[in-house]
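Please look over the protein chain and its bound ligand shown below before reading on. The report begins at the ligand and then moves outward to the chain as a whole and to single residues.

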Amino acid sequence: MPVTVAIIGAGPSGFYTADVLLKSGLSYEIDIIDRIPAPYGLIRYGVAPDHQTTKNVSRAFEKTALREEVQYFGNVELGRDVTLDELKAAYDVVVLAVGARLDKKLGIPGEDFPGVYGSVEFVNWYNGHPDCWDLNPDLDIEAAVVVGNGNVAIDVARVLVKTREEMAHSDLPEYAVEAIEASPLMDVYMCGRRGPVEAKFTNVELREMGELEICAPIIDASLLPAEVTGDWSDRDRRLREKNLGTMRGFDSVDPTEKSKRVHFQFFSSPVEILGADRVEAVRFERTRLEDGRTVGTGEHFEIACGLVVAAIGSKSEAVDGVPFDDKQGIVVNQDGWVEDNVYAVGWVMRGSTGVISTNRNDAVMVSDQIAEKFQDGSKLGRQALESLLAERQIRRTDFGDWKSIEAIEIANAPEGAPRRKFVSIDEMLAALP
Ligand code: NAP
């Protein structure tokens, strides 16, 4: 009898796990459960809409979904429709692959003002996620602050300053295209609490900032050191030198020829969001590095803005029934093993770091453990889940339903765009026969 596996979450970590298990040569029956009828999680809702080639990995995931051992259970939510205890009882193995859907907090006064968002909700807004498509951020602003010097910060800054034409081959929803096009936004301040060497941008993303149609990158050249010093591996040193070279090259873009600017604001740590009833400015403390640690200098300054996006990382939601590490925002685990027959992979296992393919390493690590512990299945798996859902009259969608939704999205695409997304679950369900 095959080992029955429930994978909760149809993002990259879930799909890589299914793929690695199926390639192991052992016999598995795998159900991938997701609360949204559309699969692919972070690929669909996290990867930037103008980075379509990164989204191509979903073609490999589709092949996995179409394997006869695999079934997709869309519109089924853990905790709402089925509990972890029920899944543990129904399946030989349960894998949590739920990602990190909550924003980390800055923990400074004023953070709850209207106009202040975490990058998860803001990125989900411009990616048409069912939770956030109606966020409706007020973009009738002239300046925005993006906190963070990682790839998400750069994604947010770039999407805010690109033109409709630059977005023509993306799947940015029309409401976001219109809001961004209508916005009088001129200045985006991307603020890092450390320096240009410590910034976590990858070079491809950084380079794009120098190639924008109507926006110039602005960097204080005096902050760019001649060389990378400090305790870096050879690889890290090379990557950082490359980034410095790219930043130096930004001086070839003439800001007077552009209508917008993204300011790379280093050594700036936010201490308070200021405003009367919504954000009007951010107060920063100037920082410096001491042995690689950020320390405040006591010097403060303010940047006036009508929007703040904190792109400082995300954390997972606690999963009922398993221990949770609140500080790290992950499920407590040992190399992916949580307890009993429960495992975790991806961001719920190790936090919100790494690129998409990093999830394959987790999948291999956890699949090896599963293969060692479970050679034969003894639980009903799919059959048990199906009866539970039928009893509760849950409208579960399958991969065929997703293909129908996808076909309509593709047919509805504006010229040059890959698709026009359905943005709410109700819309997706209503589109199904
Ligand atoms: P990240 O790379 O960890 O960057 C987080 C940034 O927030 C860092 O600059 C960090 O500064 C800063 N930060 C954290 N807490 C802060 C605080 N309290 N105040 C001020 N700044 C704070 O995270 P991310 O940008 O969310 O990305 C998550 C992962 O997805 C990363 O591995 C990223 O590379 C990946 N990703 C990749 C792509 C791509 O390949 N195109 C696109 C998007 C995301 P410190 O460095 O000082 O801690």
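## Polar contacts of the ligand

In this predicted model, a nitrogen atom of the ligand sits 2.7 Å from an N or O atom in the side chain of E205. An oxygen atom of the ligand is found 2.8 Å from a polar side-chain atom of R194, and an oxygen atom of the ligand also lies 3.1 Å from a polar backbone atom of V152. On its own the ligand has 920 Å² of accessible area, of which the protein covers 79%.

## The shell around the ligand

The ligand is surrounded by 18 residues, and the closest of these are N149, R193, R194, E205 and G354. By residue type, the shell is made up of eight polar, five charged and five nonpolar residues. Helix α7, which runs through residues 151-161, gives the largest share of this shell, namely three residues.

Where does the ligand lie with respect to domain 1 and domain 2? Residues of the shell come both from domain 1, which is assigned to 3-101 + 316-430, and from domain 2, assigned to 106-313, so the ligand lies between them.

## The chain as a whole

The chain contains 19 strands and 15 helices. Its radius of gyration is 23 Å, while the globule rule gives 22 Å for 433 residues; because these two values are close, the chain is as compact as a globular protein of that length.

Measured out along the principal axes, the C-alpha trace of the chain spans about 65 × 50 × 40 Å. Buried residues account for 54% of the 433 residues of the chain.

## Buried residues and their contacts

D171 is placed in the loop between α7 and α8, the latter covering 174-182. This residue, D171, has a relative accessible area of 2%, and because buried means under 20%, D171 counts as buried. The side chain of D171 is joined to the side chain of R419 by a polar contact of 2.4 Å.

S183 belongs to the loop between α8 and β8, where β8 covers 187-191. With a relative accessible area of 11%, S183 is likewise buried, and the side chain of S183 reaches the backbone oxygen of L139 at a distance of 2.6 Å.

L385, by contrast, lies in a helix, α13, which comprises residues 382-391. The relative accessible area of L385 is 0%, and L385 is therefore buried. Between the C-alpha atoms of L385 and R164 there are 45 Å in space, and these two residues are 221 residues apart in sequence.

## Exposed loop residues with positive phi

Two loop residues may be read together here for their backbone angles. D335, which is not a glycine, nevertheless has a positive phi of about 50 degrees. The loop that holds D335 runs between β17 (330-331) and β18 (337-339), and D335 is exposed, with a relative accessible area of 53%.

Q393 is also not a glycine, and its phi is positive at about 55 degrees. The position of Q393 is in the loop between α13 and α14, with α14 covering 399-411. Is Q393 buried or exposed? At a relative accessible area of 73%, Q393 is exposed.

## Partly exposed loop residues

T353 is located in the loop between α11, which covers 347-350, and α12, which covers 358-373. The relative accessible area of T353 is 47%, and T353 is therefore classed as partly exposed, a class that lies between the 20% limit for buried and the 50% limit for exposed. Although T353 and G313 are 40 residues apart in sequence, their C-alpha atoms are 8.2 Å apart in space.

E69 is found in the loop between α4 (57-65) and β3 (70-73). The relative accessibility of E69 is 24%, which places E69 among the partly exposed residues. How far from the C-alpha atom of L22 is the C-alpha atom of E69? The separation is 8.3 Å, while along the chain E69 and L22 are 47 residues apart.

Terms used:
Residues numbered from 1 in each chain as written. Predicted model: local features only at pLDDT ≥ 70, side-chain atom pairs only at ≥ 80, totals over all residues. Heavy atoms only, no water. Near = heavy atom within 4 Å. Polar contact = N/O pair within 3.5 Å; in protein donor to acceptor, adjacent residues only side chain to side chain. Areas by Shrake-Rupley, 256 points an atom, 1.4 Å probe, with all protein chains shown as cover. Helix = DSSP H or I, 4+ residues; strand = E, 2+ residues; numbered from the N terminus. Nonpolar A, V, L, I, M, F, W, Y, C, P; charged D, E, K, R; others polar. Domains from an automatic or database assignment. Rg over C-alpha atoms; globule rule 2.2 N^0.38 Å. Buried < 20%, exposed > 50% of the residue type's maximum accessible area, 1.4 Å probe, protein only.
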